Amino acid sequence: ILGFEVPLNLILVYLPLNIIAFTLSSGKELLSTSQLSISEIAYALNFETVSQFSTFFHEEGGLISLEI
């Protein structure tokens, strides 16, 4: 589309980083602006438990989900 090809190894490196960034920003947005419970937000972002959701925010974003 843009007239050049992106090497597959770059896609495989940056795609997971983009997914992490998207999940962090979506979680922050939902926690701060929605009426959803934390468990509903965790489920919406494809976490099986609130604990997984909280651990993700702590490890990937340096945040505790309830602080957002």
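The paragraphs below lead through a predicted model of a protein, from its overall make-up to its core and its loops.

The secondary structure of this protein consists of three helices and zero strands, and read from the N terminus the elements follow one another as α-α-α. The protein has 68 residues, of which 19% count as buried. If one takes the contacts between residues at least 6 apart in sequence, 37% of them join residues at least 24 apart.

A good place to begin is the interior. The largest nonpolar core is made up of nine residues, namely Leu-24, Leu-31, Ile-41, Ala-42, Leu-45, Phe-47, Phe-53, Phe-56 and Phe-57. Each of the helices α1 (8-33), α2 (38-44) and α3 (50-61) supplies at least two residues of this core, and the largest share, three residues, comes from α3. As a general background, nonpolar side chains in soluble globular proteins tend to be buried together.

Two members of this core can be followed through their contacts. Leu-24 lies in helix α1, and because its relative accessibility is 12%, under the cut-off of 20%, Leu-24 counts as buried. When residues up to four places away in sequence are left aside, Leu-24 touches Phe-56, Phe-57, Glu-60 and Gly-61. Leu-24 and Phe-53 stand 29 residues apart in sequence, while their C-alpha atoms are 9.9 Å apart in space. Ala-42, another residue of the core, touches Phe-47, Thr-49, Val-50 and Phe-53, again not counting residues up to four places away in sequence.

The next step is to see how two of the helices are arranged. Helices α1 and α3 pack at an angle of about 120 degrees, and their axes are 11 Å apart. Because the angle falls outside the ranges that count as roughly parallel, roughly perpendicular or roughly antiparallel, α1 is oblique to α3. The crossing of these two helices, α1 and α3, is left-handed. On the α1 side the contact is made by Ile-20, Thr-23, Leu-24, Gly-27, Lys-28 and Leu-31, and on the α3 side by Phe-53, Phe-56, Phe-57, Glu-60 and Gly-61. Sorted by character, the residues of this contact of α1 with α3 comprise six nonpolar, three polar and two charged ones. Leu-24, Leu-31, Phe-53, Phe-56 and Phe-57 thus appear in the contact and also among the residues of the core.

What remains is to look at the loops, where two residues deserve attention. Leu-36 is placed in the loop between α1 and α2, and with a relative accessibility of 41%, which lies between the cut-offs of 20% and 50%, Leu-36 counts as partly exposed. Apart from residues up to four places away in sequence, Leu-36 touches Leu-30 and Ile-41, and Ile-41 is itself one of the core residues.

Asn-46 has its place in the loop between α2 and α3. Is this residue buried or exposed? Asn-46 counts as exposed, because its relative accessibility is 70%, over the cut-off of 50%. Its backbone also calls for a remark, since most residues other than glycine have a negative phi. Asn-46, although it is not a glycine, has a positive phi of about 75 degrees.

How values were computed. Residues numbered from 1 in each chain as written. Predicted model: local features only at pLDDT ≥ 70, side-chain atom pairs only at ≥ 80, totals over all residues. Heavy atoms only, no water. Core = buried A, V, L, I, M, F, W, Y, C linked by side-chain atoms within 4.5 Å. Buried < 20%, exposed > 50% of the residue type's maximum accessible area, 1.4 Å probe, protein only. Helix = DSSP H or I, 4+ residues; strand = E, 2+ residues; numbered from the N terminus. Contact = heavy atoms within 4.5 Å. Axes fitted to C-alpha atoms, helices over the stretch in contact; angles between N-to-C directions. Parallel < 35°, antiparallel > 145°, perpendicular 65-115°, else oblique. Left-handed = near helix turned anticlockwise from the far one by under 90°. Nonpolar A, V, L, I, M, F, W, Y, C, P; charged D, E, K, R; others polar.
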